[in-house]
Amino acid sequence: MLKSLNKTLLGAALIGVSFASHAFAETTINALFMAQAAYSEADVRAMTDAFSKANPDVKVNLEFVPYEGLHDKTVLAQGSGGGYDVVLFDVIWPAEYATNKVLVDVSLRISDDTKKSVLPGAWTTVQYEGKSYGMPWILDTKYLFYNKEILEKAGIKTPPKTWDELNEQAKIIKDKGLLATPIAWSWSQAEAAICDYATLVSAYKGDFIKDGKPDFQTGGGLDALKYMVTSYKSGLTNPNSKEFLEEDVRKVFENGDAAFALNWTYMYNMANDPKDSKVAGKVGVVPAPGVAGKSEASAVNGSMGLGITSASKHPDEAWKYITFMTSQATQNQYAKLSLPIWASSYSDPAVTKGQEELIAAAKVGLAAMYPRPTTPKYQELSTALQQAIQESLLGQSSPEDALKSAADNSGL
């Protein structure tokens, strides 16, 4: 009898241990993000904390790297046979990531309702050859920011509508002694410079690639680089622009040292924060200008998505996390640094309040978004163009020769 009782108690104890282990079983996923523009690291951590509270059985390890390290970190982790379950990826990478099986096709995971509710342009961020390799998350383009107080002092009533007008207004500001170098750009030898260049290519109606071959060395592509060089040599552009990334541009603008700056959405609310910015309350924003007779506005597609890596051993949990991070509720809550991908969000006062000027610019800018080339060889092409831009700005090569050389070395 005693032996039987002991067996019963032991069995019950083992079952209890089994249930306890199951109850506290936790799946860990690793996610890679950037510490740069759009959502801040603090925002991503807060979003993830909210996910963890709603899904206590999934633990998310977060890692942040500068944008410039995001691509290589993702690819190298795949090569080592492990690493990340969820990665943030730029609009320029799906072709390469799909071809090299870095990301998995999630087309069947996306509901018809989701497809209809997200802005149509946002889907181009994650698609390649008709398949979706993630969910769009950061919907972004570059806008022209301006210092309202400086324009007022210069007697300028409205911000520029063309790129030539930008130079004319910058010259007025310079000639009146208000600022020595009124324009700030991010022209460091990095992807940032390609985004500024692509904005201008869109204004001049150029093409990066035509019939599978480089075409940026002619027409609008050449006009865009000539404009950059002219602006740089004229003394209207801050000479340090050739070393600036977007965060450098933001700091210069917030310090009151630029009348005009090209930057992403996130700068609007950061530059209007009196805790860190000297120009809070004086920040204007409009779509990037156009070119007379060719375009009314210009914009580059700078959007990003969240995808599941092919190395992930927990794709279902990874998708659950991605669905939460890209949900309308999450995006609406954090709409001050990155505008939502959801169409109906733009009629929600919680999203629009306090940033009506930005939303008005976004309606034009997001509709005009121009893509950088969709090619598995994008990294080679971008590197060649970055070098061409630097050589032209430094006077080491003419725009014509620099772009011809870039075309020859583009891998296309």
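E317 is partly exposed in this predicted model, with a relative accessible area of 23%. That value lies between the limits of 20% for buried and 50% for exposed, which is why E317 falls in the middle class. The residue belongs to helix α12, which covers residues 315–325. Apart from neighbours within four places in sequence, E317 is in contact with T27, I29 and V58. V285 is 32 residues away from E317 along the chain, and the C-alpha atoms of the two are 39 Å apart.

**The sheet**

Five strands form an open sheet in the order β2-β1-β3-β13-β6, and their pairing is mixed. The edges are taken by β2 (58–65) and β6 (135–138); each has a single partner strand, so one side of each has no neighbour in the sheet. From one strand to the next, the twist averages 30°.

Strand β1 (residues 27–34) and β2 run parallel and are joined by eight bridges. Within this part of the sheet, F33 stands opposite F64 in β2. Two helices can be placed relative to these strands. Helix α2 (residues 41–54) lies across β1, β2 and β6, and runs at about 170° to β2. Helix α3 (residues 67–79) packs on the sheet and touches β1, β2, β3 (86–90) and β13; the angle between its direction and that of β1 is about 135°.

**Salt bridges**

The structure holds 19 salt bridges. The table gives three of them.

| Pair | N to O distance | Relative accessibility |
|---|---|---|
| D223 and K294 | 3.9 Å | D223 26%, K294 41% |
| E254 and R250 | 2.9 Å | E254 4%, R250 9% |
| K275 and D273 | 3.5 Å | K275 69%, D273 22% |

The pair D223 and K294 links distant parts of the chain, with the two positions 71 residues apart. D223 sits in helix α9 (residues 219–233), while K294 is in the loop between β12 (283–287) and β13 (304–308). D223 counts as partly exposed, and K294 counts as partly exposed too.

E254 and R250 lie in helix α10 (residues 246–254). They are four residues apart, so about one helical turn separates them. E254 is buried at 4%, and R250 is buried at 9%.

In the pair K275 and D273, K275 is exposed because its relative accessible area of 69% is over 50%. D273, at 22%, is partly exposed.

Salt bridges also occur as a network, in which D90, E191 and R372 are linked.

**Q169 in helix α7**

Q169 is found in helix α7, which spans residues 163–175. Its relative accessibility is 9%, which is under 20%, so Q169 counts as buried. A polar atom of the Q169 side chain lies 3.0 Å from the backbone oxygen of T158. T158 is also listed among the contacts of Q169 outside its neighbours within four places in sequence; the others are L151, I156, P159, P160 and F260.

Notes: Residues numbered from 1 in each chain as written. Predicted model: local features only at pLDDT ≥ 70, side-chain atom pairs only at ≥ 80, totals over all residues. Heavy atoms only, no water. Buried < 20%, exposed > 50% of the residue type's maximum accessible area, 1.4 Å probe, protein only. Polar contact = N/O pair within 3.5 Å; in protein donor to acceptor, adjacent residues only side chain to side chain. Contact = heavy atoms within 4.5 Å. Salt bridge = Lys/Arg side-chain N within 4 Å of Asp/Glu carboxyl O. Pairing = 2+ DSSP bridges. Axes fitted to C-alpha atoms, helices over the stretch in contact; angles between N-to-C directions.
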